[in-house]
Amino acid sequence: MFKKVLVANRGEIAVRIIRACKVLGIETVAIYSTADREALHVQLATEAVCVGGPQAKDSYLNIQNILSAATLSGCDAIHPGFGFLSENSKFARLVEECGITFIGPTPEIIDIMGNKSKARETMMANDVPTVPGSKALISNVEEGMKEAESIGYPVLIKAANGGGGKGMRVAYAPEEFENAFHMATSEAKANFGDEDVYLEKFVANPKHIEFQIIGDNHGNYIHLYERDCSIQRNHQKVIEEAPCRALSNEVRERMAADSIKAARAINYNNVGTIEFIVDADENYYFIEMNTRIQVEHPITEMITGIDIIKEQIRVASGHVLSIKQEDVKINGYAIECRINAEDPFNGFRPSAGTIDTLVLPGGPGIRVDSAIYQDYSVPPFYDSMMAKLIVHGKNRLECIRKMRGALEELIIDGVTTNIELHYFIMHNLDYVQGKFDTGFIAGFLKEMEEHEQFIQRA
């Protein structure tokens, strides 16, 4: 087992990794920016090293400074968490060249699955269902329009190296294609350094379902069943559930088998998620693989009782998976709400400031993963997520009721949050009845706006 792990991240995921390391008896090194000097992960780690200024490019994306911190502090492993450098193959290679273990898959696997076009080709070659689309990258508008006519409108233009909803545009008709193509390639260039795009048939408002998988270095693979991540805004997840209430057992088992098939096809070795979209007829299609721990991993931990990050660290250190597939059982239901410092009723404008009142909910089956505390100053430089509120119950309705109560107890004053939005969603009849897909948030916000305008007129 590792002796000392550097946590190349911040916020709640850094705290989560440090806690897992403590359970395993591993010392930790936190890195931090000048803006995060008083952050919780800095206080919880065995030791901490400042790696740069407040901007992410100067600190949490500063590969040279991070590797220097790991080397000088005597770390034998680096955990990248999610975001930042977690899916950066260059970083993973340099970590290995320094004689340090990267707690994640190999750089080669990150390269294959990080390029959505390559990932798609790999899945097609291994008979994993994929969305109909182009078989190669699209180099210009004319080629793209010809391919789009073959696929059939509407089509989705996607950045090959994209993520987080960036570099994606929909063309509903031929006259929209050229503008959508240029917008997608420009955004891809700005965010990912290249203009590589490909086309997929656009599936309107599907379910977004992901399967959690783990592979070790000894050829063993398991899945921990699925999560429903369909409540999204601009392709950013807002609420997640596990398992997916809408899946039949037959389709669930087929998707699980295809997820393991996908992992075996690339000799995957760590935790990851196989992501699918599912249409109204339960046809499912592979869209991408995330080669890292996911934000929403706690709901899977709640329904399976498995510490995913602990297992991730174990397999990275060379251990055989401690769990067999037959040991994995679904126990009840779990829901996660992402609590962000933002104003959902004002264009989701980010909020920064000092938390002057903090009250966290408690009780059986309630978990809060967070790095905030009383008088903590929320910096303006990073992602707006402050906490994840997770509940576990016997069934979905019990979870919804438990989440309502937890949101009523949760108080974060000093910054604007999306707590109220979550509370309204938990009382929405369509949500309660499970009638939602990836278009839910847009429709929900429109209804709220129309309702508010009606009240003002009255």
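Here is a short, friendly talk between a biologist and a modeller about the structure above.

This is a predicted model: local features need pLDDT of at least 70, side-chain atom pairs count only at pLDDT 80 or more, and totals for chains, interfaces and linings use all residues. Residues are numbered from 1 along each chain as its sequence is written, and side-chain values use heavy atoms, with hydrogens and water left out.

Biologist: Let's start with the five strands that form an open sheet. In which order do they stand?

Modeller: Helices (H or I, at least four residues) and strands (E, at least two) are DSSP runs, numbered from the N terminus. Two strands pair if DSSP finds at least two bridges between them. In this sheet the pairing is parallel, and the order is β3-β2-β1-β4-β5.

Biologist: Why is one side of β3 and of β5 left without a neighbour in the sheet?

Modeller: Look for β3 at residues 47-52 and β5 at 101-102. Both stand at the edges, so the reason is that each has a single partner strand.

Biologist: Which residue of β2 stands opposite Leu-6?

Modeller: Strand β1 (residues 4-7) runs parallel to β2 (residues 27-33), with four bridges joining them. One bridge partner pair is Val-5 with Thr-28 of β2. Opposite Leu-6 you will find Val-29.

Biologist: Are Lys-4, Val-5, Leu-6 and Val-7 of β1 buried or exposed?

Modeller: Buried means under 20% relative accessible area, exposed over 50%, and partly exposed in between (1.4 Å probe, protein chains only). Lys-4 and Leu-6 point one way from the strand, while Val-5 and Val-7 point the other way. Whichever way they point, all of these residues are buried.

Biologist: At what angle does helix α3 run to β3?

Modeller: Angles run from 0 to 180 degrees between N-to-C directions, with axes being lines fitted to C-alpha atoms, for helices over the stretch in contact. Helix α3 (residues 63-72) lies across β1, β2, β3 and β4 (77-79). Its angle to β3 is about 155°.

Biologist: Now for the open sheet of three strands. Which are its edge strands?

Modeller: The order is β7-β6-β8, and the pairing is antiparallel. The strands that pair on one side only are β7 (168-171) and β8 (197-201).

Biologist: How many bridges link β6 and β8?

Modeller: Strand β6 covers residues 155-159 and pairs with β8 in the antiparallel sense. One example is Val-155, whose bridge partner in β8 is Lys-201. The number of bridges is five.

Biologist: Which strands does helix α8 touch?

Modeller: Another helix, α6 (residues 116-125), packs on the sheet and touches β6 and β8. Helix α8 (residues 174-192) also packs there, its direction making about 175° with that of β7. The strands touched by α8 are β6, β7 and β8.

Biologist: Let's visit Lys-189 in helix α8. Which residues does Lys-189 touch, not counting those up to four places away in sequence?

Modeller: Lys-189 counts as partly exposed because its relative accessibility is 46%. Its C-alpha atom is 8.9 Å from that of Ala-159, 30 residues apart along the chain. Contact means heavy atoms within 4.5 Å, and the residues touched by Lys-189 are Asp-194 and Glu-195.

Biologist: What is the relative accessible area of Ser-134?

Modeller: Ser-134 is found in the loop between α6 and α7 (141-151). Beyond its neighbours within four places in sequence, Ser-134 is in contact with Arg-120, Glu-147, Ile-151, Tyr-198 and Leu-199. Ser-134 is buried, with a relative accessible area of 3%.

Biologist: Which element gives the largest share of the lining of the second largest pocket?

Modeller: The lining includes Pro-344, Phe-345, Leu-445 and Met-448. Two or more lining residues come from each of α13 (419-426) and α15 (440-457). The largest share, four residues, comes from α15.

Terms used. 1 Å grid on protein atoms, 1.4 Å probe; cavity = no way out; pocket = protein on both sides within 12 Å on 5 of 7 lines; lining within 4 Å.
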